[in-house]
Amino acid sequence: MGLAISFKQIAITTSAAFFLFYFINLSEDKGVSKRVLGTLYFIIGIVIGVASLFLVMSFYGVSVQDYLSGAWYILLDSGSAAPDLKTRMLNFFRVFISSRFILFYLFLYLFKLQYIELKNKYIVGILIWLAFDFIGVNASGYYYGHQIKQIFAPIVILSAIGIASFVEKKKYFNYKDHVYIAVLVVLFFPYLQFKNIASAFVKGDVEPSRTLGAWLESETKESDYIYVLSNDQILIKALYFSKRRSSSQYFHSIFINSEQSNQVLSRELKEKPPVFLLKETLPALENTKYSTDVIAFIQNNYTLYKEESYYQIFKRN
């Protein structure tokens, strides 16, 4: 759990679910003092897990302040959460109502029908897990793919229990059941994903970010810096594939939402000027969230070097 939290801090909600379940159920035959002691052991284990990963980072020169700033304090910045309730509701509707996520609701309904299973304390534990991770998924209000994945484990387990119990009680499928399953397959089969995977398998790896990253690596030295002037996924992944470091701790624009973050970015760009700047073609730099100081630094020190259909590369003069 400590390693999970190190990689994705919102896994704390999963830990909270375990704490509650442990205190209520797993240690029901123990006194309060032993339950508290057991919980303390678990917390110590999490701390050891987090600390062990930090030791690896410290070996590469990451200070305690850098770690706290980049992994924890940054979660308090304005860009870490949706700006208003309307945005949250629209994103929630997009993911949980108008997407194929609704497939799970059908299976969860089968689980609901098997109400006798709720007498099992471990089923209750999974429900607690689902409830806490649902809170975690909703924490930021953006509902990015990697955030939604957190809820998949408990929801899939509950769905599987519902399906298995349904099949066990009915003993066999009748004609209506076959039709029901066939309709589900037709409606919810991941056609687009299957097409993309099949195309990648036939054509081989032609991922544009990998190609761009390889080009950046060939045009720079290991000590050079690169900076991404957007939060475009292809450009961010190209930075990774280039094997080069970003000039700033704000290695893309999602957390550039305040005067303070712009000041930090401006300082770090000047201290570690990147050889190349990667930017989406639109919008124009003047219409982005960057401050006048950052824009002036770029305009005075960089020239458009290469342009593709959706991105531009600027090179230091």
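The exercises below work through a predicted model, with a solution after each task.

Local features need pLDDT of at least 70, side-chain atom pairs count only at pLDDT 80 or more, and totals for chains, interfaces and linings use all residues. Residues are numbered from 1 along each chain as its sequence is written, and side-chain values use heavy atoms, with hydrogens and water left out.

**Exercise 1. The sheet**

Task: Give the strand order of the open sheet and identify its edge strands.

Solution.
- Start with the terms. Strands (E, at least two residues) and helices (H or I, at least four) are DSSP runs, numbered from the N terminus. Two strands pair if DSSP finds at least two bridges between them.
- Write the order. The five strands run 2-1-3-5-4, and the pairing is mixed.
- Mark the edges. Strand 2 (245-246) and strand 4 each pair on one side only.

**Exercise 2. The parallel part**

Task: Describe how strand 1 pairs with strand 2 and with strand 3.

Solution.
- Take strand 2. Strand 1 and strand 2 run parallel and are joined by two bridges. Tyrosine 225 stands opposite arginine 245 of strand 2.
- Add the connection. Strand 1, helix 13 (residues 233-242) and strand 2 form a right-handed β-α-β unit. Right-handed means that, with the strands pointing away from the viewer, the path from the first strand over the helix to the second runs clockwise.
- Take strand 3. Three bridges link strand 1 to strand 3, again in the parallel sense. Valine 228 has leucine 278 in strand 3 as its bridge partner.
- Check the faces of strand 1. Tyr225 and Tyr227 are buried on one side, Ile226 and Val228 on the other. Buried means under 20% relative accessible area, exposed over 50%, partly exposed in between (1.4 Å probe, protein chains only).

**Exercise 3. The antiparallel part**

Task: Trace the pairing of strand 5 with strand 3 and with strand 4.

Solution.
- Begin with strand 3. Five bridges join strand 3 to strand 5, and the two run antiparallel. Lysine 279 stands opposite glutamine 312 of strand 5.
- Move to strand 4. Strand 4 (residues 302-307) pairs with strand 5 (residues 311-316) over five bridges, in the antiparallel sense. Tyrosine 302 faces arginine 316. Lysine 306 faces isoleucine 313.
- Name the motif. Strands 4 and 5 form a hairpin, with three residues between them.
- Place the helix. Helix 15 (residues 292-301) lies across strand 3 (276-280), strand 4 and strand 5, at about 75° to strand 4. Axes are lines fitted to C-alpha atoms, for helices over the stretch in contact, and angles run from 0 to 180 degrees between N-to-C directions.

**Exercise 4. Helix 14 and the core**

Task: State which residues of helix 14 are buried and what covers them.

Solution.
- Check the length. Helix 14 has 13 residues and reaches 18 Å from first to last C-alpha, close to the expected 18 Å. The expected span is 1.5 Å times one less than the number of residues.
- List the buried residues. They are Ser261, Asn262, Val264, Leu265, Ser266, Glu268 and Leu269.
- Find the cover. It includes strand 1 (225-228) and helix 15.
- Zoom in on one residue. Serine 261 counts as buried because its relative accessibility is 2%. Beyond four places in sequence, serine 261 contacts (heavy atoms within 4.5 Å) Tyr250, Phe255 and Ile256.
- Turn to the largest nonpolar core. A nonpolar core is a set of buried Ala, Val, Leu, Ile, Met, Phe, Trp, Tyr and Cys residues joined through side-chain atoms within 4.5 Å. Of its 19 residues, Tyr227, Leu229, Leu265, Leu277, Tyr290 and Ile298 touch the most other members. Helix 15 gives the largest share of this core, four residues.
- Look outside. Another core, of 15 residues, lies apart from it and includes Val95, Ile148, Ile151 and Ile161.

**Exercise 5. A loop residue**

Task: Locate isoleucine 102 and classify its accessibility.

Solution.
- Locate it. Isoleucine 102 lies in the loop between helix 5 (85-96) and helix 6 (103-113).
- Classify it. Isoleucine 102 is partly exposed, because its relative accessibility is 30%.
- List contacts. Beyond four places in sequence, isoleucine 102 touches Phe96, Ile97 and Phe188.
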